[in-house]
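Work through the exercises below with the structure open beside you. Try each task before you read its solution.

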Amino acid sequence: MSSDDLLQPTLSGYSRPPALYHTTGFALAAFFGGPVGAAVYSLANTGRLARLRQDAPVIVIVMALALLIPMMLVRAGQFDAFADLAGMTPRAAGGVLLRGLGLACFGAIYLLHRRFFRAARVSGVKTLPSWLVGIAALASGWAANAALVNWILKHH
Amino acid sequence: MNDQPTSAAVYADQAFYFIERRRLVDAKRVLAQALTHFPQDPDLLFHSAQAEWLGDENEAAENTVRQVLVVDPTHAPARQLLASMLVERGEYADAELLLIGLLREYPESAELYGRYSRLMLRALHLEKAEQLAREGLRYDPEDNECLMAAALCETARSGARPNAGLQKLLVAHPESMSSVHALVVALVDSGRVAEAHRIAQGAMRVDPANEHLVTLVRELRIQNHWSMKPLWPLQKWGWGASAAMWLGGIIVIRALSKSAPELATPVAFTWLGYCIYSWVWPPLIRRIL
């Protein structure tokens, strides 16, 4: 970027200043809402960073891969073995698996946005209140988890 | 013999002397007196705005700084101060336009590049923040603002890894508050709260009137309190530690319920107690201390 490019305004195009929703909300949405909850919450963050075009495909791929894991376990006939190993009923094992995958999605997406979270922290920027985004992520994640667990129970 | 200053410049120098030492009451007294003689002097008005801004009278400060710009629209320090006020209010786009205007007039001012870089970092545009700090350091390799911006950018990018930007800042300005701030931020970010607390305490002894430092020391005192010690893995490794704690807890409790069921319940309650402690205690101690 040349010196003249550096002096082109960057922030005039934003309707709202870039910011991030609370990380605690993100972790809770991922834990209770599974991969879909993590994806919904992080898409809201990505929207506030005005990076939907760059980051949304990555987030959707991470979520899809996470959702594929339990489906592949079922298709491979390994889901019951997993439930036995965990010492749980298939329904409980499905729930725990989706929570673990939600946390894995949180970790992967956090890595994607880590520099923004750190930049906010070192420059003292306050995070946005995340009630609405958190509730939306939890509701959609809970519905997706319930649908997937039902599918697992039918097909395992 | 009349020992009153006879020119606005002398009053302005006196006021600046007090402002530099955070003696805001004295500064305001001098300025009030000066402005009765020179009500339209831009430097006196600017120092008034500075004193109000430092005294957290933000609205009054903004009115005064806009008054300066009516009298002298080219007054660079007033435009910089207005940019700081806009940043504080979250009006980043307007602050950016002001800083760009200043940079077009003073294209070799490293300090302005540093300020613009800090704004970009606040607006989470890390790449541009880094480029601006680099550009500023081309004009003045020891500029405090640029070194500070570069150090913060590097902390944001590399976390706990060795930070060359911070080392440069500390070598060039070991005495500066910016260095202390950047060092404390980097130490906290890498989970070294006790060291950050000691450094911030030392800085506060040197500048006890600095409210920012007082707040920082208070927060670090809380984080460094003995009752927060059990939470150090969460402080040091952040969300990675939380995720590991949850998954590890579930796996260990499950394994225990199969292999040693008599241990599973006490371990589960201890683990749950720790989780609740990590949620409840940090906000509670902030209210207590």
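The exercises start with confidence and then move through the two chains and their interface.

This is a predicted model, in which local features need pLDDT of at least 70 and side-chain atom pairs count only at pLDDT 80 or more, while totals for chains, interfaces and linings use all residues. Residues are numbered from 1 along each chain as its sequence is written, and chains are lettered from A and ligands numbered from 1 in the order in which they are written.

**Exercise 1. Confidence**

Task: Find where confidence is lowest and highest in chain A and in chain B.

Solution.
- Step 1. Recall the scale: pLDDT is the predictor's confidence in each residue, from 0 to 100.
- Step 2. Take chain A. Its mean pLDDT is 90, and 99% of its residues reach 70 or more. Helix α1 (residues 3–6) of chain A is lowest, at a mean of 79. Helix α3 (residues 52–75) of chain A is highest, at 95.
- Step 3. Take chain B. The average is 85, with 91% of the residues scoring at least 70. Helix α10 (residues 164–172) of chain B is lowest, at a mean of 68, and α6(B) is highest, at 94.
- Step 4. Apply the caution: where pLDDT is low, predicted coordinates should not be read in detail.
- Step 5. Add the scores for the model: ipTM 0.78 and pTM 0.76.

**Exercise 2. The make-up of chain A**

Task: Describe the secondary structure of chain A and its span along the principal axes.

Solution.
- Step 1. Set the rule. Helices (H or I, at least four residues) and strands (E, at least two) are DSSP runs, numbered from the N terminus.
- Step 2. Count: chain A has six helices and zero strands. Along the sequence this reads α-α-α-α-α-α.
- Step 3. Give the span. The C-alpha trace of chain A covers about 60 × 30 × 25 Å along its principal axes.
- Step 4. Check burial. A residue is buried if 20 or more other C-beta atoms lie within 10 Å of its own, exposed if 12 or fewer, and partly exposed in between, with C-beta atoms placed from the backbone. Of the 156 residues in chain A, 41% are buried.
- Step 5. Check contacts. Two residues are in contact if their C-beta atoms, placed from the backbone, lie within 7 Å. Among the contacts in chain A with a separation of 6 or more, 79% are between residues 24 or more positions apart.

**Exercise 3. Three loop residues**

Task: Place A:L128, A:A50 and B:L124, and state why each is classed as buried or partly exposed.

Solution.
- Step 1. A:L128 sits in the loop between α5 (90–122) and α6 (131–155) of chain A. A:L128 is partly exposed because 17 other C-beta atoms lie within 10 Å. Leaving out residues up to four places away in sequence, A:L128 touches A:A19, A:L20 and A:Y21. A:N45 is 83 residues from A:L128 in sequence, yet their C-alpha atoms are 9.7 Å apart.
- Step 2. A:A50 is in the loop between α2 (23–48) and α3 of chain A. Its phi is positive, near 55 degrees, in a residue other than glycine. A:A50 has 16 C-beta neighbours inside 10 Å, so A:A50 counts as partly exposed.
- Step 3. B:L124 is in the loop between α7 and α8 of chain B. Its phi is also positive, about 65 degrees, although B:L124 is not a glycine. B:L124 is buried because 25 other C-beta atoms lie within 10 Å.

**Exercise 4. A helix pair in chain B**

Task: Work out which residues make the contact of α4(B) with α5(B).

Solution.
- Step 1. Helix α4 (residues 58–71) of chain B and helix α5 (residues 76–88) of chain B pack at about 145 degrees, with axes 10 Å apart. Axes are lines fitted to C-alpha atoms, for helices over the stretch in contact, and angles run from 0 to 180 degrees between N-to-C directions.
- Step 2. From α4(B) come B:N58, B:A61, B:E62, B:V65, B:V68 and B:L69. From α5(B) come B:A78, B:L81, B:L82 and B:M85.
- Step 3. Sort them: eight nonpolar, one polar and one charged. Ala, Val, Leu, Ile, Met, Phe, Trp, Tyr, Cys and Pro count as nonpolar, Asp, Glu, Lys and Arg as charged, and the others, Gly among them, as polar.

**Exercise 5. The interface**

Task: Which helix of chain B gives the most to the side that touches chain A?

Solution.
- Step 1. Contacts join 35 residues of chain B and 32 residues of chain A.
- Step 2. The helix is α14(B), with nine residues.
- Step 3. By class, this side of chain B has 18 nonpolar, seven polar and ten charged residues.
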